[in-house]
Amino acid sequence: QSLALCAAIASALNVGGLEVLRGLMPSLSKIVPDDDSTNNQALAVQRQTDGALSQLFYYLSLFLRAIATPVTPVVLFLDDTHWADEAALDMVTTLISERSLTSLLFIGCYREDEVHQSHPMIKHRQELTQAGVFCTDIVLGGLEKPDCHKMISDLLHLPPRTTQSLSDAV
């Protein structure tokens, strides 16, 4: 199955696309090995063009189309979305709006108290809704003290009596 994934990625992206994404995800080289015929000078010039951001979106889209299948769906999780810059929000909006990415689930996490009506994230969310993308909110509250204490003792693999002072500090 990993050979099929490697082949799907390699066929979806040209050498330039692989190099752009390897710059962002160095571990991609473990899945799709480097091709010695890569012309690094041409790639450096290609990256400096005005359309570099559009090019990045395009290559990410091709990459996700290659790996996000009904057999291997992809979940893209972005924590602290309220701190994302406009370019990152544009990228997410572009990827989520793409109809051909049917096996992609995006989860964005943000702090409700840091997002106001004029926040860029709200604008992007409205664009997605208007484009017919299904969006849902799951509002989570804070942990109660007993739950926090149990989580800390579970994470540290210690009996609750030994983690009580740490839980009280949190």
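**Cores, strands and pocket**

Trainee: Which residues does L64 touch, not counting residues up to four places away in sequence?
Mentor: This is a predicted model, in which local features need pLDDT of at least 70 and side-chain atom pairs pLDDT 80 or more, while totals for chains, interfaces and linings use all residues. Residues are numbered from 1 along each chain as its sequence is written, and side-chain values use heavy atoms, without hydrogens and water. With contact meaning heavy atoms within 4.5 Å, L64 touches V74, L95, L101 and L104.

Trainee: Which helix supplies the largest share of the largest nonpolar core?
Mentor: A nonpolar core joins buried (under 20% relative accessible area, 1.4 Å probe, protein chains only) Ala, Val, Leu, Ile, Met, Phe, Trp, Tyr and Cys residues through side-chain atoms within 4.5 Å. The largest has 21 residues, with I9, L13, L21, F63 and L64 having the most contacts inside it. Helices are DSSP H or I runs of at least four residues, and strands are E runs of at least two, numbered from the N terminus. Eight residues, the largest share, come from helix 5.

Trainee: In which sense do strand 1 and strand 2 pair?
Mentor: Pairing requires at least two DSSP bridges between the strands. Strand 1 (residues 74–78) and strand 2 (residues 104–108) have five bridges, and L78 stands opposite G108. The sense is parallel.

Trainee: What is the volume of the largest pocket?
Mentor: A pocket is an open set of points on a 1 Å grid over the protein atoms alone, with protein on both sides within 12 Å along at least five of seven lines. Points are joined across faces, edges and corners, and volume is the space filled by probe spheres set on them. For the largest pocket, the volume is about 1200 Å³.

Terms used
Buried means under 20% relative accessible area, exposed over 50%, partly exposed in between (1.4 Å probe, protein chains only). On a 1 Å grid over the protein atoms alone, a cavity is a set of points where a 1.4 Å probe fits but cannot get out, and a pocket is an open set with protein on both sides within 12 Å along at least five of seven lines; lining residues have an atom within 4 Å of a point.
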